[in-house]
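Me: I am new to reading protein structures. Could you walk me through one, feature by feature?

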Amino acid sequence: MQANKILVQTEDFDVAAEYARIAEDNGDGAVVTFVGKVRDFNDGSEVTDLTLEHYPGMTENVLQQITAEARERWPLNLVTIIHRVGTMHLGEQIVFIGVTSAHRKAAFAACEFLIDFLKTKAPFWKLEASPDGRHWVDARDSDEQAAKAWDNGES
Amino acid sequence: MINVLFFAQVRELLGTASVQVDGANLATAADLRAHLASQNDKWAQVLDSDKLLVAINQTMSQWHAAIQDGDEVAFFPPVTGG
């Protein structure tokens with residue numbers, strides 16, 4: 001089985017199937033997964049759906065790079081990253097990250113590292129629609145700080 | 001020629017996803033940005049954003065990075081995936 005599974009796709013993903021795929025190796029004592037969903041995330045306006053745009057080619061390259069970086073930091077076995085693009089409605093799944101390792105600390109840390117870096121380095125952009133209209137989501141300073149904290153050894 | 005790509009609100013505000021630019025007199029990404037901004041007020045305004053990012057051949061780059069004909073250079077706002 002390939003150690004890295006990295007996909008950018010419009011279709012939804014099946015968390016149970018993705019978990020089952022990475023949970024088969026009895027050498028792994030830990031499987032950590034993260035799912036990001038479309039939420040009503042701003043300022044009182046009611047978000048109805050979200051459209052994800054990306055930079056085909058560069059996106060996959062960046063996801064490969066941050067996965068390689070995670071593997072340099074922690075002893076990992078399997079890594080899955082699936083990120084959807086296109087239009088998604090409130091409550092739908094956007095992103096899946098799954099990491100396996102012999103030990104939980106490595107798996108937890110690597111999973112958090114991957115989502116922190118994905119959010120600040122991978123070329124995806126969110127366009128939010130609400131009854132008030134549509135607008136591009138602003139990048140958050142807190143996301144940038146979360147990614148920088150890994151470089152500063154604070155996390 | 002340099003293949004220039006625009007994404008997200010930069011693409012929307014400019015009204016185009018890509019342009020071809022002769023790179024003969026352009027040494028850096030900053031030169032390309034200035035060249036495009038000189039076209040008209042709208043382009044100047046959109047490309048003047050201090051948050052604008054640049055990728056050269058699909059790798060995040062600095063404004064002083066060198067460019068040449070055959071490169072793919074993309075301009076876009078801060079990313080918001082995940």
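Reply: Gladly; we will go from whole chains to strands and then to single residues. One caution at the start: this is a predicted model.

Me: Let's begin with the outline. How many helices and strands does chain A have?

Reply: Counting the elements is a good first step. Chain A has four helices and eight strands. Their order from the N terminus is β-α-β-β-α-β-β-β-α-β-β-α. The radius of gyration of chain A is 16 Å, close to the 15 Å that the globule rule gives for 155 residues, so chain A is as compact as a globular protein of that length. Its C-alpha trace spans about 50 × 35 × 30 Å along the principal axes.

Me: And what pattern does chain B follow along the sequence?

Reply: Chain B reads β-α-β-α-α-β-β-β, which comes to three helices and five strands. Here the radius of gyration is 12 Å, close to the 12 Å from the globule rule for 82 residues, so chain B too is as compact as a globular protein of its length. A box of roughly 35 × 30 × 20 Å along the principal axes holds the C-alpha atoms of chain B.

Me: Now for the inside and the outside. What share of the residues in each chain is buried?

Reply: A residue counts as buried when its relative accessible area is under 20%. In chain A, buried residues make up 49% of the 155 residues. In chain B, they make up 46% of the 82 residues. You can also look at what the surface is made of. Chain A has an accessible surface of about 7600 Å², with 46% belonging to carbon and sulfur atoms. Chain B exposes about 4000 Å², and carbon and sulfur atoms supply 48% of that.

Me: What do contacts say about how the sequence folds back on itself?

Reply: Look for contacts between residues that are far apart in the sequence. Among contacts in chain A between residues at least 6 apart, 75% join residues at least 24 apart. For chain B, with a separation of 6 or more, residues 24 or more positions apart account for 52% of the contacts.

Me: How far apart are the mean positions of the positive and negative charges in chain B?

Reply: For that, you average the places of each kind of charge. Chain B has 4 positive and 9 negative charges, and their mean positions are 11 Å apart. In chain A there are 15 positive and 26 negative side chains, and the centres of the two sets lie 4 Å apart.

Me: Next, a strand. Which strands pair with E6 of chain A?

Reply: In a regular strand the side chains alternate between the two faces of the sheet. Strand E6 of chain A covers residues 93-101, and nine of its nine residues are buried. Strand E2 (residues 30-37) of chain A pairs with E6(A) in the antiparallel sense over eight bridges. In E6(A), A:Val99 stands opposite A:Val32. Strand E4 (residues 79-84) of chain A also runs antiparallel to E6(A), joined by five bridges. There, A:His83 stands opposite A:Val95 of E6(A).

Me: Can we zoom in on single residues? Is A:Glu46 buried or exposed?

Reply: A:Glu46 is exposed, with a relative accessible area of 54%, since exposed means over 50%. A:Glu46 is found in the loop between E2 and strand E3 (49-54) of chain A. Leaving aside neighbours within four places in sequence, A:Glu46 is in contact with A:Asp40, A:Ala129, A:Ser130 and A:Pro131. A:Glu46 and A:Arg134 are 88 residues apart in sequence, yet 11 Å apart in space, C-alpha to C-alpha.

Me: What does B:Gly82 contact, apart from its neighbours within four places in sequence?

Reply: This is a case where contacts cross from one chain to another. B:Gly82 is in contact with residues of chain A, among them A:His83, A:Val95 and A:Lys126. You have already met A:His83 and A:Val95 standing opposite each other. B:Gly82 is in the segment after strand E5 (72-76) of chain B, and at 9% relative accessibility it counts as buried.

Me: Last one: which residues have a positive phi although they are not glycine?

Reply: Most residues other than glycine have a negative phi. B:Ala8 has a positive phi of about 55 degrees. B:Ala8 lies in helix H1 (residues 8-14) of chain B and is buried, with a relative accessible area of 0%. B:Gln58 has a positive phi of about 70 degrees, and lies in the loop between strand E3 (53-56) and strand E4 (59-61) of chain B.

Key:
Residues are numbered from 1 along each chain as its sequence is written. Chains are lettered from A and ligands numbered from 1 in the order in which they are written. This is a predicted model: local features need pLDDT of at least 70, side-chain atom pairs count only at pLDDT 80 or more; totals for chains, interfaces and linings use all residues. Side-chain values use heavy atoms; hydrogens and water are left out. Helices (H or I, at least four residues) and strands (E, at least two) are DSSP runs, numbered from the N terminus. The radius of gyration is taken over C-alpha atoms; the globule rule is 2.2 Å times the number of residues to the power 0.38. Buried means under 20% relative accessible area, exposed over 50%, partly exposed in between (1.4 Å probe, protein chains only). Contact means heavy atoms within 4.5 Å. Accessible areas come from the Shrake-Rupley method with a 1.4 Å probe; for residues, only the protein chains shown count as cover. Lys and Arg count as positive and Asp and Glu as negative; His and the chain ends are not counted. The place of a charge is taken as NZ of Lys, CZ of Arg, CG of Asp or CD of Glu. Two strands pair if DSSP finds at least two bridges between them.
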